[in-house]
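Please open the model in a viewer and keep the sequence panel visible. The tour below proceeds by selections, each followed by what is found there.

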Amino acid sequence: MVRTIFFIFSFVISLTIILLSNFISPNYLWWFILFGPLILIGIYDVFQNKHTILKNFPIIGHLRYMLESISPEIQQYFVERRTDGAPIDKNTRAMIYERAKNLGATHPFGTENNITEEGYEFIVQSLYPAAIPEEAPRVTIGGIECTQPYSAALYNISAMSFGSLSKNAVMAMNKGAKKGNFYHNTGEGGLSPYHLQGGDICWQIGTGYFGCRNEDGTFSEENFIANATKPEVKLIEVKLSQGAKPGHGGVLPGVKNTPEIAAIRGIKPHITVLSPPGHSSFNSPKGLLEFIQRLRKVSGGKPTGFKLCMGSPAEFEAICVAMAETKIYPDFISVDGAEGGTGAAPLEFTNFVGLPLDVGLVLVDELLKKYGVREQVKINATGKVFSGFGLIKSLALGADLCCSARGMMLAVGCIHAQVCNTNTCPTGVATQNSKLMKGLNVPDKAERVYNFQKNTIHAFVELMAATGAKSPSEIKRSSVMRIAEDGDVHTMDEIINHWNIKKKVIDNIPITTNLGNGNF
């Protein structure tokens, strides 16, 4: 029907213009500048066979694709409420921006959260709050075999690679980390010159061994030593998996794989790089621990650990057993949650693989205690920790320190456009387009990264003091409460003790499931 109308209108308009130009004035032919392209587009739409909408609705069908292309912006700017927005709601984004700009991040007129709905969480404040410490608390990472222990801030920059991020974003983060005395995780993409701006570095070693690989993609100890012994490198992290795509290797789209990035990683440029799902240097719990011990030794005794998103608790328990038997301990374990972020990942892995951070933290903490090795290992929480409350909750569930990736991206200028995988990031944060990254002013954004971390830590110590705790070690699971479905209130300790997964994995209590009487 619409195609017929299109042909009729095209014929009528063309005939009218021709008649007017012949009988009145040739100037009427200029109307073809307006209508000619539209008619040609419509003719193309009718005869092409790729898009059904365009074939059935020539010209006007393009409106559908135009509106679809800007629907995220319409949603974010006009539809989304302040408490809406995924993966990060508008209130949280506003808080990060305000703290990064050192504006205080205060909120008027009361909470916008539904404080009686199921799942709402809050801290248990004391009638006798503690004094706020004058200096921000820190945590020492390094076990008995570590000869260069590191004093870490409680809030640091989580793993993001140069390649996923622009060089300007990486430099801004590292300079901010230098000023604030917190560390910056390189991500698995290798150690680039842009990471070496004076800030402390946690060098992440992924399955692709970027920056420490042979030509065949296997681990190169010689190349590892060359980077690991740099004075800026304070910690080494072996990445087993990450929350956004556990069980899947890292992904660098070919459009972002520039010759410079390829040289840093030791790969070919302009091709999409898929890191292997697993490591070629080990394939067992004992092998993992021996690899960590090897890296720690050849790095000069620097703290060395590993990162994972919890999948099978039995597999992590096997690592704990191996620790107890071999007496080889990682200096730290970074626990990511399935809610973690990434620049590029298959949607199924992002949505349907891995345990949430809360569950993973508890299981790691409890299993390390179960086998008597918890005191040897620090736990780092790395999934969606954006605020002082996020720090409180993570420490209550078992973490010793925390990291954030997307929080730092927002601090450096990210606007939640969610186009990280297209090389078209409008703020120059997650792109290799030199014209786009030019808009990211490194000194200005470095100051914002510093401000955000500083103000988040300040919010944390204020909340910590409100609970009556004088140090992070005094924060317990009972410090955080959650509203239940029936409106009752439970501490996190009470909730966790009723988890079937804890009873089965930690307490070794057989779990029985009520299947009913068979009358379906």
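**A three-stranded sheet**

Select R482 together with H490 of β15: these two residues are bridge partners. The model is predicted, so local features need pLDDT of at least 70 and side-chain atom pairs count only at pLDDT 80 or more, while totals for chains, interfaces and linings use all residues. Residues are numbered from 1 along each chain as its sequence is written, and side-chain values use heavy atoms, with hydrogens and water left out.

Extend the selection to β14, residues 480–483, which runs antiparallel to β15 and is joined to it by 3 bridges. Strands here are DSSP runs of E with at least two residues, and helices are runs of H or I with at least four, both numbered from the N terminus. Two strands pair if DSSP finds at least two bridges between them.

Now add β1 to display the open sheet of 3 strands, ordered β1-β14-β15 with antiparallel pairing. Because β1 (121–123) and β15 (489–491) stand at the edges with a single partner strand each, one side of each has no neighbour in the sheet. On average, neighbouring strands of this sheet are turned by 30° against each other, direction ignored (axes are lines fitted to C-alpha atoms).

**A nonpolar patch**

Next, select I8, F11, V12, L15, L19, F23 and I24, which make a nonpolar surface patch of about 730 Å². Patch residues have over 30% relative accessible area and no salt bridge, and nonpolar side chains are joined within 5 Å. A salt bridge is a side-chain nitrogen of Lys or Arg within 4 Å of a carboxyl oxygen of Asp or Glu. Areas come from the Shrake-Rupley method with a 1.4 Å probe. L15 belongs to helix α1, residues 2–23, and is partly exposed at 37% relative accessible area. Buried means under 20%, exposed over 50%, and partly exposed in between.

**Two histidines with positive phi**

Most residues other than glycine have a negative phi. Select H270, whose phi is near 65°, in the loop between α9 (259–265) and β9 (273–274). Then select H416, with phi also near 65°, in the loop between α15 (406–411) and α16 (434–437). Is H416 buried or exposed? H416 counts as buried at 9% relative accessibility, whereas H270 counts as exposed at 56%.

**A final distance**

Finally, select F57, in the loop between α3 (52–56) and α4 (61–69). F57 is partly exposed, at 36% relative accessibility. From F57 to S164 the C-alpha distance is 39 Å, with 107 residues of separation in sequence.

Conventions
Axes fitted to C-alpha atoms, helices over the stretch in contact; angles between N-to-C directions. Patch = residues over 30% accessible without salt bridge, like charges linked within 9 Å, V, L, I, M, F, W, Y side chains within 5 Å. Buried < 20%, exposed > 50% of the residue type's maximum accessible area, 1.4 Å probe, protein only.
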